[in-house]
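Trainee: Please take one part of this structure and go through it slowly, beginning with what faces the solvent and then working towards what lies behind it. I would like the reasoning spelled out at each step.

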Amino acid sequence: MLDAFSYERRVAFSDTDAMGVTHHANYLRYCEEARVAWMRARDLTLTHWPHSDRVLALLHYQVWHMKPCTFDDALRIYLQVHRKGLKIQFQYAMYKGDIRICEAETLHIPVDAELRPQRPSEELIKILEKEKWTETWLSNS
């Protein structure tokens, strides 16, 4: 698959709708889970609230639904990330087996307790500078 950070999870029964298909709102939650797992894997949890005075506020998100998933499907979410000035962009590719079922992007900005934009922490900047980024990673971009 992709040469990127990945996170695995299964679709819970409560994630599905009356038709037995994963409700569209859950895909964004899966992306958030992958983003938090990426932060844990990079030892960045202390750079985010409640351990820090900053939080990565969500500015924008976009999700492309390509194929459905259902209860107990094993999913793998790949992500890539890079810095764009003060902003931090994540892209996600979600797979069920070998099938790409979803793509997503989220754009974040560090803010303080008063929701004022802040520069990313030095620890976060150092990690972001090491991350691999491919412009054509998503088929929809």
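Mentor: Let us take helix 2, keeping in mind that the model is predicted. On the side of this helix away from its buried residues, Lys126, Glu129 and Lys130 are exposed. The helix runs over residues 122-130, and its buried residues are Leu124, Ile125, Ile127 and Leu128. These four lie on the same side of helix 2, because they cover an arc of only 165° around the axis. The background to this is that an α-helix has 3.6 residues a turn, so residues three or four places apart point the same way. What the buried residues of helix 2 pack against is a set of four elements: helix 1 (25-41), strand 2 (55-65), strand 3 (74-84) and strand 4 (87-96).

Ile127 lets us follow one of these residues in detail. It lies in helix 2 and has a relative accessible area of 17%, which counts as buried because the cut-off is under 20%. Once its neighbours within four places in sequence are left aside, Ile127 is in contact with Trp38, Arg42 and Leu44. Glu33 is another matter: it is 94 residues away from Ile127 along the chain, and the two C-alpha atoms are separated by 19 Å.

Leu124 leads us to an enclosed space. The structure holds one cavity of 30 Å³ or more, and the largest cavity has a volume of about 60 Å³. Ten residues line this cavity, and those closest to its centre are Thr47, Arg54, Leu56, Pro110 and Leu124. By class, the lining consists of six nonpolar residues, three polar ones and one charged one.

Arg42, which we met as a contact of Ile127, leads in turn to an open space, since it is also one of the residues that line the second largest pocket. That pocket has a volume of about 160 Å³. Its lining includes Leu2, Asp3, Ala4 and Phe5, together with Leu79, Gln80, Glu131, Lys132, Thr134 and Trp137, and it divides into five nonpolar, two polar and four charged residues. Within this lining, Asp3 and Gln80 are 77 residues apart in sequence, while their C-alpha atoms are 9.3 Å apart in space. Asp3 sits in the segment before strand 1 (5-10) and is exposed, with a relative accessible area of 63%.

The stretch that leads into helix 2 also deserves a careful look. Leu115 is in the loop between strand 5 (99-111) and helix 2, and its phi is positive, about 65°, although the residue is not a glycine. As a point of reference, most residues other than glycine have a negative phi. Leu115 is exposed, with a relative accessible area of 65%. Asp72, in the loop between strand 2 and strand 3, likewise has a positive phi, near 70°, in a residue other than glycine, but it is partly exposed, at 41% relative accessible area.

One last point concerns the cysteines. Why does the structure hold zero disulfides? The sulfur of Cys31 has its closest cysteine sulfur in Cys102, at 5.8 Å, and that is too far for a bond. Cys31 counts as buried, at 1% relative accessibility, and Cys102 is also buried, with a relative accessibility of 1%.

Key:
Residues are numbered from 1 along each chain as its sequence is written. This is a predicted model: local features need pLDDT of at least 70, side-chain atom pairs count only at pLDDT 80 or more; totals for chains, interfaces and linings use all residues. Side-chain values use heavy atoms; hydrogens and water are left out. On a 1 Å grid over the protein atoms alone, a cavity is a set of points where a 1.4 Å probe fits but cannot get out, and a pocket is an open set with protein on both sides within 12 Å along at least five of seven lines; lining residues have an atom within 4 Å of a point. Grid points are joined across faces, edges and corners, and a volume is the space filled by probe spheres set on the points. Ala, Val, Leu, Ile, Met, Phe, Trp, Tyr, Cys and Pro count as nonpolar, Asp, Glu, Lys and Arg as charged, and the others, Gly among them, as polar. Buried means under 20% relative accessible area, exposed over 50%, partly exposed in between (1.4 Å probe, protein chains only). Helices (H or I, at least four residues) and strands (E, at least two) are DSSP runs, numbered from the N terminus. The arc is that of the directions from the helix axis to the C-beta atoms. Contact means heavy atoms within 4.5 Å. A disulfide is a pair of cysteine sulfur atoms within 2.5 Å.
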